Amino acid sequence: PGAVAIVGVTVAGEAILVRQWRHAVGAALLEIPAGTRDRPGEPPEVTAARELREETGYEPGELTLLSAYFTSAGISDERLWLYLATGCTRQG
């Protein structure tokens, strides 16, 4: 179904990153929030807002699609939607 990734920026201008353990490299890496489009029929922008909330606790102020592209066109038809989320505020 593809995936989304979000370049998030807070209202104070700070980047929003998550620390994820990646077994392949044997380390925890800082990454932009991302997630698979695992809810049938959910538009990618809705998935992006949901993943940002779930992974970071931030609510996007505005979402802008930067690009939609195939991640590894030589071996896969998986598409990734990349969003810019500005004006993000912490929830809860």
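**Figure 1. Environment of Pro-60 in the predicted model.** Pro-60 counts as buried because its relative accessibility is 14%, which falls under the 20% limit for that class. The residue lies in the loop that connects β6 (58–59) with β7 (62–70). Leaving aside residues up to four places away in sequence, Pro-60 is in contact with Ala-49, Leu-52 and Arg-53, and also with Ala-85, Thr-86, Gly-87 and Cys-88. Val-11 is separated from Pro-60 by 49 residues in sequence, and the C-alpha to C-alpha distance of this pair is 9.7 Å.

**Figure 2. Thr-10 and its contacts.** Thr-10 belongs to strand β1 (residues 3–10). With a relative accessibility of 8%, Thr-10 counts as buried. When residues up to four places away in sequence are not counted, its contacts are Ile-16, Tyr-58 and Cys-88. Cys-88 also appears among the residues touched by Pro-60.

**Figure 3. The salt bridge between Arg-50 and Asp-38.** The two side chains meet at an N to O distance of 3.5 Å. This pair links distant parts of the chain, with Arg-50 in helix α1 (residues 44–56) and Asp-38 in the loop between β5 (34–36) and α1, twelve residues apart. Arg-50 is classed as buried, its relative accessibility being 8%.

**Figure 4. The salt bridge between Arg-39 and Glu-54.** In this pair the closest N and O atoms are 3.9 Å apart, which lies within the 4 Å cut-off for a salt bridge. Distant parts of the chain are again linked: Arg-39 is in the loop between β5 and α1, whereas Glu-54 is in helix α1, 15 residues apart. Arg-39 is partly exposed, as its relative accessible area is 43%.

**Figure 5. The Glu-59 and Arg-53 pair, and the salt-bridge network.** Glu-59 and Arg-53 form a salt bridge in which the closest N and O atoms are 3.2 Å apart. Glu-59 counts as partly exposed at 25% relative accessibility. Arg-53 is likewise partly exposed, with a relative accessible area of 34%. Salt bridges with shared partners connect Asp-38, Arg-39, Glu-42, Arg-50, Glu-51 and Glu-54 into one network. A search of the whole structure yields seven salt bridges. Arg-53 is also one of the residues in contact with Pro-60, the buried loop residue of the opening view.

How values were computed:
Residues are numbered from 1 along each chain as its sequence is written. This is a predicted model: local features need pLDDT of at least 70, side-chain atom pairs count only at pLDDT 80 or more; totals for chains, interfaces and linings use all residues. Side-chain values use heavy atoms; hydrogens and water are left out. Helices (H or I, at least four residues) and strands (E, at least two) are DSSP runs, numbered from the N terminus. Buried means under 20% relative accessible area, exposed over 50%, partly exposed in between (1.4 Å probe, protein chains only). Contact means heavy atoms within 4.5 Å.
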